[in-house]
Amino acid sequence: MYMNGYRFYLDKDLEYLINEEKEYHHPHYVRRYAMIRLRMYACLYTRNLRKDGYLNKDSVCVFCSVKSDLQIDHIIPISKGGLNKIDNIKILCRKCKTKKTNKIL
């Protein structure tokens with residue numbers, strides 16, 4: 001159905017996935033399935049960043065400078081058209097990430 005491996009899709013945008021899903025799903029459901037895949041690739045991308053050491057002992061939250069309970073966050077959310085690129089990533093603590101929700105900051 002899809003190309004081997006997910007790494008090919010990490011830098012793809014919603015329109016690319018919509019065009020790919022058109023072949024497999026009813027037109028009414030294409031956007032939904034493309035968005036599900038896009039969110040999945042965003043989770044895999046942030047997991048790879050954590051595994052590669054993007055978060056380390058010197059990392060701090062960009063808003064409150066806390067050093068504990070840190071998470072990787074997209075500056076422009078995936079649902080708003082953000083991409084899985086390193087320049088669209090920031091480090092936030094759990095409290096600041098909860099406050100941010102789905103806003104573009």
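The paragraphs below lead from the overall fold of this predicted model to two patches on its surface. Residues are numbered from 1 along each chain as its sequence is written, and side-chain values use heavy atoms, with hydrogens and water left out. Local features need pLDDT of at least 70 and side-chain atom pairs count only at pLDDT 80 or more, whereas totals for chains, interfaces and linings use all residues.

The protein chain holds three helices and two strands, arranged along the sequence as α-α-β-β-α; helices (H or I, at least four residues) and strands (E, at least two) are DSSP runs, numbered from the N terminus. Its C-alpha trace spans about 45 × 25 × 20 Å along the principal axes. Of the 105 residues, 37% are buried, where buried means under 20% relative accessible area, exposed over 50%, and partly exposed in between (1.4 Å probe, protein chains only).

Turning to the surface, a positive patch is formed by R7, R47, R50 and K51, while Y29, Y33 and I36 make a nonpolar patch of about 270 Å². Patches are made of residues with over 30% relative accessible area and no salt bridge, like charges being joined within 9 Å and nonpolar side chains (Val, Leu, Ile, Met, Phe, Trp, Tyr) within 5 Å; a salt bridge is a side-chain nitrogen of Lys or Arg within 4 Å of a carboxyl oxygen of Asp or Glu. In the positive patch, R7 lies in the segment before helix 1 (14–21) and is exposed, with a relative accessible area of 56%. In the nonpolar patch, I36 belongs to helix 2 (residues 30–51) and counts as partly exposed at 46% relative accessibility.

Methods
Areas by Shrake-Rupley, 256 points an atom, 1.4 Å probe, with all protein chains shown as cover. Lys, Arg positive; Asp, Glu negative; His and termini not counted. Charge placed at Lys NZ, Arg CZ, Asp CG, Glu CD.
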